[in-house]
Amino acid sequence: MSKVIYVLNGPNLNLLGVRQPEVYGRETLADIQAMLEQSARESGFTIEFFQSNHEGAIVDKIHEAREKAAGIIINPAAYTHTSVAILDALNTFDAPVVEVHISNVHKRESFRHHSYVSLRADGVIAGLGTRGYLAALDYLTHQLS
Ligand code: CA2
């Protein structure tokens with residue numbers, strides 16, 4: 001079985017640590033990648049880390065994951081609340097999916113309370129900051145070992 005976990009990040013997350021630290025913290029996406037790579041290594045897994053500001057590019061990466069990934073961690077960012085295309089792509093993926101949000105979307109504007117991706121996700125983590133990605137990885141490595 002594949003030992004690769006795909007970590008997919010949606011639009012504007014490339015600005016993590018650069019803008020709005022009061023909402024999203026001071027860590028950058030590169031910091032998150034390094035933290036996940038180390039943790040995955042300790043569990044005998046590897047990470048394929050990806051960010052895009054384009055919906056179709058995320059759909060293409062999920063299609064790639066169909067052949068290569070043992071599980072997916074996804075923070076679809078704003079596409080969480082709008083993207084049937086990402087939901088449809090995830091519905092073609094046959095292994096575990098964990099949805100992560102850095103902020104607690106349920107404490108925020110009502111348009112952030114609905115997630116298309118949650119209709120597919122096996123688990124949803126919100127509001128734990130960037131530690132949420134680590135919690136998702138811990139869940140997946142235990143499920144898949
Ligand atoms: O809390 C999360 O992780 C979100 O997925 C982040 C999205 C937001 O649209 C979701 O409702 C919740 C926004 C990501 C934008 O990231 C930025 C990072 C730094 C500065 C500005 C935006």
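Where is Asp88 in this protein? Select Asp88 and you land in helix H4, residues 84–90. Keep in mind as you click that this is a predicted model. With a relative accessibility of 44%, Asp88 counts as partly exposed. We will come back to this residue at the last stop.

**Stop 1: the whole chain**

Zoom out and colour by secondary structure. You should find five helices and five strands, and following the chain along its sequence gives the pattern β-α-α-β-α-β-α-β-β-α. The radius of gyration is 14 Å, close to the 15 Å that the globule rule gives for 145 residues, so the protein is as compact as a globular protein of that length. Along the principal axes, the C-alpha atoms fill a box of roughly 40 × 30 × 25 Å. Of the 145 residues, 46% are buried. If you display contacts with a separation of 6 or more, 76% of them come from residues 24 or more positions apart.

**Stop 2: the sheet**

Now select the strands. The five of them make an open sheet, ordered E2-E1-E3-E4-E5, with parallel pairing. At the edges are strand E2 (46–51) and strand E5 (123–126), each of which pairs on one side only. Neighbouring strands are turned by 15° against each other on average, direction ignored.

For a closer look, pick strand E3 (residues 71–75) and strand E4 (residues 97–101), which pair in the parallel sense over three bridges. Label Ile73 and you will see Val98 of E4 standing opposite.

Next, add two helices. Helix H2 (residues 29–42) packs on the sheet, where it touches strand E1 (4–9) and E2, and the direction of H2 makes about 165° with that of E2. Helix H3 (residues 55–68) also packs on the sheet, touching E1, E2 and E3; the direction of H3 makes about 170° with that of E1.

**Stop 3: the annotated active site**

Select Tyr24 and His101, the positions that carry the feature "active site" in an unreviewed UniProt entry. They span 78 residues in sequence, yet no two of their C-alpha atoms are more than 9.6 Å apart, so they gather at one spot. Both Tyr24 and His101 are included in the lining of the largest pocket.

Centre on Tyr24 first. Tyr24 sits in helix H1 (residues 21–24) and, at 23% relative accessibility, counts as partly exposed. Leaving aside neighbours within four places in sequence, Tyr24 is in contact with Leu16, Ile102, Ser103 and Arg108.

Is His101 buried or exposed? At 6% relative accessibility, His101 counts as buried. You will find His101 in strand E4. Not counting residues up to four places away in sequence, His101 touches Asn75, Pro76, Thr80, Ile125, Ala126, Gly127 and Leu128.

**Stop 4: the annotated binding site**

Finally, select Asn75, His81, Asp88, Ile102, Ser103 and Arg112, which the unreviewed UniProt entry annotates as "binding site". These positions are spread over 38 residues of sequence and also spread in space, with up to 24.4 Å between C-alpha atoms. From this set, the lining of the largest pocket takes in Asn75, His81, Ile102, Ser103 and Arg112. Asp88, where we began, belongs to the annotated set too.

End on Ser103, in the loop between E4 and E5. At 9% relative accessibility, Ser103 counts as buried. Show the contacts of Ser103, without residues up to four places away in sequence, and you will see Val23, Tyr24, Arg108, Ala126 and Gly127.

Methods: Residues are numbered from 1 along each chain as its sequence is written. This is a predicted model: local features need pLDDT of at least 70, side-chain atom pairs count only at pLDDT 80 or more; totals for chains, interfaces and linings use all residues. Side-chain values use heavy atoms; hydrogens and water are left out. Two strands pair if DSSP finds at least two bridges between them. Helices (H or I, at least four residues) and strands (E, at least two) are DSSP runs, numbered from the N terminus. Axes are lines fitted to C-alpha atoms, for helices over the stretch in contact, and angles run from 0 to 180 degrees between N-to-C directions. Contact means heavy atoms within 4.5 Å. UniProt positions are given in the numbering used here, feature names are shortened, and annotations may be inferred rather than shown by experiment. On a 1 Å grid over the protein atoms alone, a cavity is a set of points where a 1.4 Å probe fits but cannot get out, and a pocket is an open set with protein on both sides within 12 Å along at least five of seven lines; lining residues have an atom within 4 Å of a point. Buried means under 20% relative accessible area, exposed over 50%, partly exposed in between (1.4 Å probe, protein chains only). The radius of gyration is taken over C-alpha atoms; the globule rule is 2.2 Å times the number of residues to the power 0.38.
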